[in-house]
Amino acid sequence: MQLSAWVARSQREALYTPDSPWARFVHYTSAESALKIITSKRLWMRNTTCMADYREVQHGHEILVRYFADAQRRGSFEQSLEQCAPGSAIEAMKLFNQWLSE
């Protein structure tokens with residue numbers, strides 16, 4: 001494992017310990033749907049065109065655009081992704097850039 005991937009994994013594991021105040025997941029749903037998520041251990045994402053408030057998706061996209069505008073951050077992301085699945089970084093960035101132009 002490369003140093004950058006190891007550092008990222010170590011930071012993530014330190015951040016998401018069971019006693020960490022950051023180890024939370026927020027999802028607005030009904031109690032019935034929450035139980036289905038918990039019992040099935042699956043979370044289905046809705047098409048953003050069906051959302052009442054699409055702004056949070058735009059906000060997330062804007063954060064990613066700013067992040068990937070930094071060549072060092074983008075390179076680190078691509079290097080880490082390539083270690084997991086060769087060829088995936090090029091494909092992921094190609095898809096991301098296609099969405100950017102839409």
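**Figure 1. Arg-55, a partly exposed residue with a relative accessible area of 39%, and its salt-bridge partner Glu-62.** The model shown here and in the views that follow is predicted. The closest N and O atoms of Arg-55 and Glu-62 are 3.3 Å apart. This separation meets the criterion for a salt bridge, because the cut-off between a side-chain nitrogen of Lys or Arg and a carboxyl oxygen of Asp or Glu is 4 Å. Glu-62 is partly exposed as well, at a relative accessible area of 34%. Helix H3 spans residues 55-69. The structure holds three salt bridges, and the remaining views of charged pairs show Lys-36 with Glu-32 and Arg-74 with Glu-78.

**Figure 2. Lys-36 and Glu-32 form a salt bridge in helix H2.** The closest N and O atoms of the two side chains lie 3.6 Å apart. Lys-36 and Glu-32 are four residues apart in helix H2 (residues 31-40), so about one helical turn separates them. Side chains of opposite charge can pair when their charged atoms come close. Glu-32 counts as exposed, with a relative accessibility of 54%. Helix H2 itself is hardly covered, since zero of its ten residues fall under the 20% limit for burial.

**Figure 3. Arg-74 and Glu-78 form a salt bridge in helix H4.** Here the closest N and O atoms are 2.9 Å apart. The two residues stand four positions apart in helix H4 (residues 71-84), a separation of about one helical turn. Both ends of the pair count as partly exposed: Arg-74 has a relative accessibility of 26%, and Glu-78 has one of 24%. Among the elements of the protein, H4 has the highest mean pLDDT, at 91.

**Figure 4. Lys-41 adopts a positive phi just after helix H2.** The phi angle of Lys-41 is about 55 degrees, although the residue is not a glycine. Lys-41 lies in the loop between H2 and H3. Its relative accessibility is 76%, and Lys-41 therefore counts as exposed, the limit being over 50%.

**Figure 5. Tyr-67, Phe-68, Phe-77 and Phe-96 form one aromatic cluster.** The structure holds three aromatic pairs. In one of them, the ring centres of Phe-68 and Phe-77 are 5.0 Å apart and the ring planes meet at 65 degrees, so the pair is edge-to-face. Phe-68 is buried, with a relative accessible area of 11%, whereas Phe-77 is partly exposed, with a value of 29%. Phe-68 also pairs with Phe-96 in an edge-to-face arrangement, with 5.5 Å from centre to centre and 70 degrees between the planes. This second pair links distant parts of the chain: Phe-68 belongs to helix H3 (residues 55-69) and Phe-96 to helix H5 (residues 88-101), 28 residues apart. Phe-68 and Phe-96 are both buried.

**Figure 6. His-61 and Trp-99 are 38 residues apart in sequence and 9.4 Å apart in space, C-alpha to C-alpha.** His-61 is located in helix H3. The relative accessible area of His-61 is 25%, so the residue counts as partly exposed, the class that lies between burial (under 20%) and exposure (over 50%). Helix H5 covers residues 88-101.

**Figure 7. The helical framework that surrounds the close-up views has five helices and zero strands.** From the N terminus on, the order of elements is α-α-α-α-α. Buried residues account for 6% of the 102 residues in the protein. The accessible surface comes to about 9000 Å², and carbon and sulfur atoms contribute 59% of that area. Of the contacts between residues at least 6 apart in sequence, 37% join residues at least 24 apart. The average pLDDT of the protein is 78, and 75% of the residues score at least 70. Among the elements, helix H1 (residues 3-15) has the lowest mean pLDDT, at 69.

Methods. Residues numbered from 1 in each chain as written. Predicted model: local features only at pLDDT ≥ 70, side-chain atom pairs only at ≥ 80, totals over all residues. Heavy atoms only, no water. Buried < 20%, exposed > 50% of the residue type's maximum accessible area, 1.4 Å probe, protein only. Contact = heavy atoms within 4.5 Å. Areas by Shrake-Rupley, 256 points an atom, 1.4 Å probe, with all protein chains shown as cover. pLDDT = per-residue confidence, 0-100. Phe/Tyr/Trp six-rings, centres within 6.5 Å; stacked < 30°, edge-to-face > 60°.
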